[in-house]
Amino acid sequence: MPAPDLDTIVNLSKRRGFVFPASEIYGGLRSSWDYGHLGAELLRNLREAWWSAMVRERDDIVGIDSAIIQSRQVWVTSGHEANFSDPLVECTNCHHRFRLDKLDDPNTCPDCGERGTFTEPRPFNLMLKTYLGPIDDESAIAYLRPETAQGIFINYENVRRTARMKLPFGIAQIGKSFRNEITPGQFVFRTREFEQMEMEFFCRPEEAEQWHRFWLDARLQWYLDLGMDPERVRLRAHERSELAHYAAATSDVEYRFPWGWDELEGIANRTDFDLKAHSEASGVDLRFYDQDADERFYPYVIEPAAGVTRSAFAFLIDAYDEDELAGEKRVVLRLHPRLAPIKVAVLPLSKKDELVAVTEEVAATLRRRWMIEVDVTQSIGRRYRRQDEVGTPFCVTIDFDTLNDRAVTIRERDTATQVRVPIAELVEHLTVALG
Ligand code: GAP
C-alpha cells in the first residue's frame, strides 16, 4: 500500500498510546511530544537494536553516557557557537519566520503568499542557551548539547586509555540533544528536544574513505534488517554546499516520508577536525601514539549519527498497513518483532475463573521474557484487531479445550494463521518465532 498520510500516523499514535502532544492539558507546546506506554517501548526497542548492533556485537566499539551540559568551551572549540546556525528570514508582511533553505520558493511567503517580502537572511544559532547558577550573566552561559558527539570527543583519551582500545575503534552514545529549530514540525520529525544514537569511529587518516564506505553499507543494512521497505530507504551523498562545518564528506540515509525523501541518519567523514581542535584549545595532546611506527597523529573520524525519535516515526510509517481479513477491513502495524512494543498478547476466550487461572499462569511465564499484555475485554475478533493495530506479532488464546489438553492457540499477526501448541512448549515456540 502507498505510504499513509501524516494524519493517519498522528491519529493512530495518539489513539493507541504511542505519542501524545506535550503539555496537552495546557493547549500543547508546538514541537514537543510525550511518548505513551507503547511509544516508550518502541523507543527502548530501537535503542536496544542499535546498541546491540553497534556496541554489544562488536569488539571494536564501546559505549558511554556523557553529560548533556558541558563546559561552554566545548561548543566554542567545536565551532558550534560560531557556525551552528540556519539562515533565518522574516516575511515583512505577516512577520512569520522561516528557514530559507527549507522554503519551496525562496521569494514567496508560504503563510501569507506575498512575494518579495523576505528580509535578508541572517544566521540563527540553533543551540539552546541557559545559565548555570543564580546569576544570569555572560560568565554563566551554558548550552544544552545540540549533538551527543562532542561528549565522545572530549572523552576520547579517557575511553581509549581505560578500555585499552587500539585504532580503528569506535565510541558510541545514545541520548537527548536539543536544537532551537526555527521551523520544527512534521510531527516528531523535527523537534527541539530529541534523541540521538551516534558513534564516532576513529581510524587512520588513510583508511577513512574505506571506513566511510563500510559504515554507509552497514547503517543502511541496519534499517533493512529491521524490516524497512527497501523501496522507501536509500543513501544520498551531500552536495558540497550542504556539508556541515566539520565534514569532508557526508551521505544521508534517507526515508520516503509522506512529504518526500528526507534525512533519517547522517554518516559523515569528520576528518580530524574535532580531536585536533580540542587538543589545540585544551592543551591536552589527543594524538594517537603508534608504538610500532613511533609516530603520533590525529585519527580521522567516521560518524554515523541517527535519531531515535525520528527513526521510530519512520518505522511507524513503514509498518502501517490496511488489509482485509475474512471480509473485514483491518489496520495492521507490520513492525519487526524486535521493535514491536508488545511481543505477545494473552487472550482468554472468556472471563470464567478456570480460564483466568490458566491465563495468569501463562502470562506469568511469558512476562519473565517479554513485554506482554493480557486482554480480557470484548470479542476475540475485536481483541485480535486491537493487537494488530499496535503491531503485536503473536496472540496466545486460551479456550475451554486448554483445560483438558493443556494447549493454547498461537495466532500470527501478518497472516492470521493459527497453530495449537502445548503450554509446556510455548516459550520455546515463541522464542523461535520472535527471532
Ligand atoms: N553529530 C552529527 C549530527 O548531529 P545531524 O545530521 O545534525 O548530525 C543526526 O543529526 C540525526 O539526528 C539526524 O539524522 C536526525 O535523525 C536526528 N535529528 C537531528 N535534528 C533533529 C531534530 N530537530 N529533531 C529530531 N531529530 C533530529
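**Cysteines**

I looked up cysteine 109 first in this predicted model, and with a relative accessibility of 1% this cysteine counts as buried. I then searched for disulfides and found that the structure holds zero of them. Cysteine 109 is accordingly in no disulfide, and the cysteine sulfur nearest to its own, that of cysteine 94, is 3.7 Å away. Since a disulfide here needs the two sulfur atoms within 2.5 Å, I record the pair as two cysteines without a bond. From the other side, cysteine 94 is likewise in no disulfide, its nearest cysteine sulfur being that of cysteine 109 at 3.7 Å. Cysteine 94 is partly exposed, with 22% relative accessible area, whereas cysteine 109 is buried.

**Ligand site**

Which residues are closest to the ligand? I listed 21 residues around it, and the closest are Glu147, Glu181, Thr191, Glu198 and Glu263. I went on to the polar distances, starting with glutamate 198, which has a polar side-chain atom 2.4 Å from a nitrogen atom of the ligand. For glutamate 181, an N or O atom of the side chain is 2.8 Å from a ligand nitrogen. Arginine 179 has a polar side-chain atom that lies 2.8 Å from an oxygen atom of the ligand. I then checked how far the ligand is covered: on its own it has 550 Å² of accessible area, and the protein covers 92% of that.

**Arginine 270**

I located arginine 270 in strand E13, which runs over residues 260-271. Is this arginine buried or exposed? It counts as buried, at 0% relative accessibility. I looked for a polar partner and noted that its side chain makes a polar contact of 2.9 Å with the side chain of aspartate 274. Setting aside residues up to four places away in sequence, arginine 270 touches ten-odd neighbours that I did not all copy out, including His80, Glu147, Gln150, Glu200, Tyr246 and Glu303. Of these, Glu147 had already come up in my list of residues closest to the ligand.

**Helix H13 and its surroundings**

I turned to helix H13, residues 426-434, and found its buried residues to be Leu426, Val427, Leu430 and Leu434. Viewed down the axis of H13, these buried residues fall within an arc of 90°, so they line one face of the helix. The face turned away from that buried side carries the exposed residues Glu428 and Val432. What do the buried residues of H13 pack against? I noted strand E19 (344-348), helix H10 (353-367) and the strands E21 (394-398), E22 (407-412) and E23 (418-422). H13 is followed by glycine 435, which has a positive phi near 75°.

Threonine 402 was my next entry, and I found it in helix H12, residues 402-405. This threonine is buried, with a relative accessible area of 1%. Its C-alpha atom is separated by 8.2 Å from that of leucine 355, although the two residues are 47 apart along the chain. Leaving out neighbours within four places in sequence, I recorded contacts of threonine 402 with Val358, Ala407, Val408, Arg420 and Ile423.

**Backbone geometry**

I checked for unusual backbone angles, given that most residues other than glycine have a negative phi and most peptide bonds are trans. Leucine 167 and proline 168 are joined by a cis peptide bond, with omega about -10°. I placed proline 168 in the loop between helix H6 (156-162) and strand E9 (169-178). Phenylalanine 187 is not a glycine, yet its phi is positive, about 60°. I found phenylalanine 187 in the loop between E9 and strand E10 (193-203), and it counts as buried at 7% relative accessibility. Alanine 416 also has a positive phi, near 65°, and its place is in the loop between E22 and E23.

**Whole protein**

I closed with the totals. The protein has 13 helices and 23 strands, and its C-alpha trace spans about 75 × 65 × 50 Å along the principal axes. Of its 435 residues, 50% count as buried. Among contacts with a separation of 6 or more, 64% are between residues 24 or more positions apart. The protein exposes about 20,900 Å², of which carbon and sulfur atoms supply 48%.

Note on methods:
Residues numbered from 1 in each chain as written. Predicted model: local features only at pLDDT ≥ 70, side-chain atom pairs only at ≥ 80, totals over all residues. Heavy atoms only, no water. Buried < 20%, exposed > 50% of the residue type's maximum accessible area, 1.4 Å probe, protein only. Helix = DSSP H or I, 4+ residues; strand = E, 2+ residues; numbered from the N terminus. Arc of directions from axis to C-beta. Contact = heavy atoms within 4.5 Å. Near = heavy atom within 4 Å. Polar contact = N/O pair within 3.5 Å; in protein donor to acceptor, adjacent residues only side chain to side chain. Areas by Shrake-Rupley, 256 points an atom, 1.4 Å probe, with all protein chains shown as cover.
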